[in-house]
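Work through the three exercises below with the coordinates open. Each task is followed by a stepwise solution.

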Amino acid sequence: AKVTSETEIIMYVSKGSEKIEVPNVEGDKVTSAEKELVDAGLVLEKTIYEYDDEVAKDKVVSQSITPGKKVDKGTKITIVVSKGEKPEEQVSVPNLSGLTLQGAKALLESKGLLLVDGGEEYSEEAIGKVSRWEPVGTSVPKGTKITVWISKGLDEATDIPVGDGEV
C-alpha cells in the first residue's frame, strides 16, 4: 500500500515503561512486606537477616529503595530483616591451675573475662599459685567476673603429717 497525502497516519507516543511507587515496608513483618512489594510490581531480589537491637525480630529494618520513589515495574529490591537482639558472646572459663595471679589475669583478659582477686587461702597448691576459681568449667558471657584465690601453702597448724601412732 502506498501512502498518499490523503492517507491518515495514527501515531502512538509511548510514555515509557510503567512506573510504580515503592511502598514503605520498614517496620512491617517480613511475610507481609515481601507480599506487598511483589504485589506492587517489584521483584524481591534478596532478604538479608541481621541482628538489630532496636527493631523486633522478623520485622523489616530497611529497604534498598526509598519508599515513595517511582521506579519501573519489575525493579529489583532488597530488604533487611531483624534477627532480634544479638545474643551475648559466650566464652569458656579456662583452667587456671598452676598460674600466678598475674598469669590468671592475662589469660582471663585474653578471653574477654575479668579477674576478681578472692585473696589468699591455705591449699595444697604451691604458694603464689591459683588454688581455685569460680565459676569453674562453664561458658559465660564475655565481661563476666571470675573470682580467683591464691594459695598461701598448707596450714601448718592443721596439716601436720600424722605419725604411725607409736610413742
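**Exercise 1.** Locate Met 11 in this predicted model and decide whether Met 11 is buried or exposed.

Solution.
- Met 11 sits in the segment before β1 (19–21).
- The relative accessibility of Met 11 is 69%. The cut-off for exposed is over 50%, so Met 11 counts as exposed.
- Met 11 also contributes to a nonpolar surface patch of about 380 Å², together with Val 3 and Ile 9.

**Exercise 2.** Place Asp 52 and determine which side chain of opposite charge is nearest to Asp 52.

Solution.
- Asp 52 belongs to the loop between β2 (43–50) and β3 (60–63).
- Asp 52 is buried, and the nearest side chain of opposite charge is Lys 83, 12 Å away. A salt bridge requires the charged atoms to be within 4 Å, and Asp 52 has none.
- A polar atom of the Asp 52 side chain does lie 2.7 Å from the backbone nitrogen of Glu 54.
- Leaving aside residues up to four places away in sequence, Asp 52 touches Val 61, Ser 82, Gly 84 and Glu 85.

**Exercise 3.** Classify Pro 23 as buried or exposed, and find how far apart Pro 23 and Pro 67 are in sequence and in space.

Solution.
- Pro 23 is in the loop between β1 and α1 (30–39).
- Its relative accessible area is 14%; buried means under 20%, therefore Pro 23 is buried.
- Pro 23 and Pro 67 are 44 residues apart in sequence, yet their C-alpha atoms are 5.3 Å apart.
- With residues up to four places away in sequence not counted, the contacts of Pro 23 are Glu 36, Leu 37, Ala 40, Leu 42, Gln 63 and Pro 67.

Key
Residues numbered from 1 in each chain as written. Predicted model: local features only at pLDDT ≥ 70, side-chain atom pairs only at ≥ 80, totals over all residues. Heavy atoms only, no water. Patch = residues over 30% accessible without salt bridge, like charges linked within 9 Å, V, L, I, M, F, W, Y side chains within 5 Å. Areas by Shrake-Rupley, 256 points an atom, 1.4 Å probe, with all protein chains shown as cover. Helix = DSSP H or I, 4+ residues; strand = E, 2+ residues; numbered from the N terminus. Buried < 20%, exposed > 50% of the residue type's maximum accessible area, 1.4 Å probe, protein only. Lys, Arg positive; Asp, Glu negative; His and termini not counted. Polar contact = N/O pair within 3.5 Å; in protein donor to acceptor, adjacent residues only side chain to side chain. Contact = heavy atoms within 4.5 Å.
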